[in-house]
Amino acid sequence: MHRWRSGRRPAALAGRVAGAADAATRLARRVPAPWPYVIALFLGAKLLLTLVGLLTLHAWDGIPAAPPPDEALMWAQQREISGHRWISFWFAWDALLYLRLSELPLTGAPWNDFGFPLLYPFLARPVGALLGGDNALALLLISNVAFLLALWYGYRLAEVLLGDADAARRFTRYLVLLPTAFLFQAALTESLFVCLALAAFYHAERGQWLLVGVIGYFLAMSRSVGLLVALPLALVLLRQHDWRLGPRHLLGYLRIGWPLLLLPAGWFTFMAFCRWRGGDWFAYQHAQQTGWGIEVQNPVPVLLDGLTGEPRDAVRVAFAVVVLAILAAGFRRRDVAYVVYGVLMVLVPLSMGPPVYKSLLRYLLAVFPVALVLARWASRATVDVWLTAVLAVVQGALFVLWLSYWTHMII
């Protein structure tokens, strides 16, 4: 009797496991595409980066000069945010400034922090209130939700532009594997900006221009370069009407595409905030000049000087050159709006001058059209496998470098 019962238990357990698996499969089938793929990709990236991050930090524990002396303050600030390293390591440099901006009172003492557009830290205020006043957790939650939505919008946009689900899956995977894509999960603006940009282009391709304008309003409030996305979005509108020009057609474009005016309105809203709290419409520009020595200039000499300058700067600028080369090599007439967008995302940061070198690898993450080109090139399975492996290795190396507190390479 004992043998019979013990033999039945594994069989019963196996049956329950199989039943649970079937239930999970049925549930997944009820979730509309592409959510199962997008969620799996998001969770896979989250788990893998968390594991690599914790192992890397553990390996550096006790090693002299880790963190380097000039990073010690940031390391201490991370520990103040959370005792859990899988949370705290996502806060570095600008993330700490966003946290400060999310906590500053809106009234009372004069406001002196105008170096960053305020959409991201200001979103953390109501979300943080719902989380019991934990604005740090709110910033991470906003970044990760935006990352998940960016993957969904990226998949949908790639379906429209590339024509099939396989190519859309490749694009979404490459978006996760871009060299500094781990920053999508950090308390930074990258995921929010890219999510809003992808959403704007997706709805533009569907001709939903009022929605494009509303999204674009917030896009322009998230980063200064967001204002300029109005240009490639306008090119989408022109393409949809066969590039027709003339007075009659221009009136038609204005009737359909007037919501694009909401993009400059978004940046004007931030300028109005600067005037209200600081007495200066151009407080952002002045803060950039004073704090980081940023002055608008010709981006081409900045790029060329970077290639022949300090080795770290040369590596960063080389990434920018590769991005521009991929955009140029993958150019198609239908893609002109996305090429213009990509070039803007490279040249506008470079127009800020040499101080941008430190953050260039981060800013290049906004150039999502690179992943569109790669997805088109990797239609063969062998190319896809090798490209996936190379991107994963490059991102892994940069992630470990970032976690080792040598963040002067990636800020």
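**A walk through an all-helix count**

The protein chain's secondary structure adds up to 20 helices and 0 strands. Both kinds of element are DSSP runs numbered from the N terminus, with helices being H or I runs of at least four residues and strands being E runs of at least two. Keep in mind that this is a predicted model, where local features need pLDDT of at least 70, side-chain atom pairs count only at pLDDT 80 or more, and totals for chains, interfaces and linings use all residues. Residues are numbered from 1 along each chain as its sequence is written, and side-chain values use heavy atoms, with hydrogens and water left out.

So how confident is the predictor? The score to look at is pLDDT, its confidence in each residue on a scale from 0 to 100. The protein chain averages 90, and 91% of its residues reach 70 or more. The start of the chain is another story: over residues 1-7 pLDDT stays under 50, and the model gives this stretch 0 contacts beyond four places in sequence. A contact here means heavy atoms within 4.5 Å.

Now for the overall build. The C-alpha trace of the protein chain spans about 90 × 55 × 45 Å along its principal axes. Its radius of gyration is 23 Å, which agrees with the value near 22 Å that a compact globule of 411 residues would have. That radius is taken over C-alpha atoms, and the globule rule is 2.2 Å times the number of residues to the power 0.38. If you look at contacts between residues at least 6 apart in sequence, 73% of them join residues at least 24 apart.

What about the surface? Of the 411 residues, 49% count as buried; the cut-offs are under 20% relative accessible area for buried, over 50% for exposed, and partly exposed in between, using a 1.4 Å probe and protein chains only. The protein chain exposes about 19800 Å², with carbon and sulfur atoms supplying 68% of that area. These areas come from the Shrake-Rupley method with a 1.4 Å probe, and for residues only the protein chains shown count as cover. As for charge, there are 34 positive and 22 negative side chains, and the centres of the two sets lie 13 Å apart. Lys and Arg count as positive and Asp and Glu as negative, while His and the chain ends are not counted; each charge is placed at NZ of Lys, CZ of Arg, CG of Asp or CD of Glu.

Next, some loops. Between helix 1 (2-30) and helix 2 (35-60) you'll find P34, and the peptide bond leading from A33 to P34 is cis, with omega near 5 degrees. W93 sits in the loop between helix 4 (85-88) and helix 5 (94-103). It isn't a glycine, yet its phi is positive, at about 50 degrees. W93 is partly exposed, because its relative accessible area is 30%.

W243 belongs to the loop between helix 11 (230-240) and helix 12. Phi of W243 is near 60 degrees, again a positive value in a residue other than glycine. With a relative accessible area of 26%, W243 is partly exposed.

Step into helix 12 (residues 247-257) and you meet H249. Its relative accessible area of 25% makes H249 partly exposed. H249 and L238 are 11 residues apart along the chain, and 9.8 Å separates their C-alpha atoms.

Last stop: V340, in helix 17 (residues 336-350). At 22% relative accessible area, V340 is partly exposed. Leaving out residues up to four places away in sequence, V340 touches L231, P232 and L235.

Definitions and conventions
pLDDT = per-residue confidence, 0-100.
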